[in-house]
Amino acid sequence: MLQLRRMEALLGKTEVELIEFARTLGEAPFRGKQLYKAIYQGRRLCFDDITELSKPLRERLKAVAEITATRIAKVFYSNDGTRRYLLQLGDGKEVEAVYIPEMRRDTICISCQVGCSVGCTFCMTAQLGLVRNMTAGEIVSQVVIVLNEVYGAGVSPPHGVNLVYMGMGESFLNYQEVMKSVRLLADDKGLSISPKRITVSTAGLTPRIADFAREEIRPRLAISLAATTQAERTTLIPINRKFTLDELIAACRDYPLSEREKLTFEYVCLDGINDSDEDAGRLARLLKGMRAKVNLIPHNPAPELPYRASPMERILSFQRILVDAGVPTFIRRPRGQDISAACGQLAARR
Ligand code: SF4
């Protein structure tokens, strides 16, 4: 029978919170700082590896806390180098993260919720419904665990790493924990991943786009668009009924981009549904004058999903129309398809 963990998890705490935690143990503030550095900068997940702390203190810590309850349940290795991680959280719930190696940079795709309530009809995660939000510590634990598994504990990725919040869940429905995780990931004294290398994705919760715009530490923003008319988008992304396409585009136009920043629009290509030349023309008009780029994502079919992938000639024609209209448009190469790690396929199924 699964044993529920009740230990206090330290990964997910800020430096101030770890100093306070040290104080509750009767320890000086610098012990909290040592813990913070060891956990985030050193990516040490076992108290025995934090040898700058005395052995008696490490034993006391083990009695009351753990660094993280997240464990690797299984790793799936793709022929193209992609790795899919099935991760078990402290309460036994499972989420997925994906490591995608590339020539010039590696990317880690992370989850922010167990399941998802948004119900996009082209996505496997939607089939789970929402189970629960993840904590900031659980979100960050995915990054630490994947980096350690790929490179070794504490070893920096040779080309740096990009993070994308495009795994399971809708980032803006778990806003506070997602933003806390971003601050922890970006902190210079910890993992030190530049916010410019972090992308948060949303299906389009417009009020949160305005909140996000005001964040002091703000990653790049990606919008999952998927359609160019109100009716079509509502069929594919049901929250579009409440947060309409017009409102979404208006919120994007108001978004205060920093120098050289662009909004990213993700557009999943579904055969015969949203991939016509007319759709491409409408998309070009929607984005006219906006500093934006489009990623076209070939759909990854699954027996549970009612769509086929658009033929590549169709996607190329779609891309041509956008590029001719001055919209930078890229076709996302599917990765990890043989291990169900590609976009829209994450469902924490073994
Ligand atoms: Fe949720 Fe994203 Fe899947 Fe939509 S695409 S159901 S927002 S995980």
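A residue counts as buried when its relative accessible area is under 20%. In this predicted model, Ser78 comes in at 9%, so Ser78 is buried. As for where it sits, Ser78 belongs to the loop that links strand E3 (71-77) with strand E4 (83-88). Leaving aside residues up to four places away in sequence, Ser78 touches Gly336, Asp338 and Ile339.

Zooming out, the domain assignment splits the protein chain into domain 1 (8-66) and domain 2 (71-339). The contact between them draws on 13 residues of domain 1 and 19 residues of domain 2. Their C-alpha centres are 33 Å apart, and about 1300 Å² of area is buried between the two domains, with carbon and sulfur atoms giving 55% of that. On the domain 1 side, Leu11, Tyr40 and Arg43 do much of the work: this trio supplies 48% of the area that domain 1 buries against domain 2, more than any other three residues.

The largest nonpolar core runs to 106 residues, and Phe122, Tyr165 and Phe265 have the most contacts inside it. Helix H4 (residues 136-151) gives this core its largest share, at 9 residues. Since domain 1 (8-66) and domain 2 (71-339) both contribute residues, the core lies between them.

That leaves the ligand. Around it sit Cys116, Val118, Gly119, Cys120, Cys123, Thr125, Ala126, Gly167 and Gly169. Sorted by class, this shell holds 5 nonpolar and 4 polar residues, with no charged ones.

Notes: Residues numbered from 1 in each chain as written. Predicted model: local features only at pLDDT ≥ 70, side-chain atom pairs only at ≥ 80, totals over all residues. Heavy atoms only, no water. Near = heavy atom within 4 Å. Nonpolar A, V, L, I, M, F, W, Y, C, P; charged D, E, K, R; others polar. Core = buried A, V, L, I, M, F, W, Y, C linked by side-chain atoms within 4.5 Å. Buried < 20%, exposed > 50% of the residue type's maximum accessible area, 1.4 Å probe, protein only. Helix = DSSP H or I, 4+ residues; strand = E, 2+ residues; numbered from the N terminus. Domains from an automatic or database assignment. Contact = heavy atoms within 4.5 Å. Buried area = accessible area lost by both parts, 1.4 Å probe.
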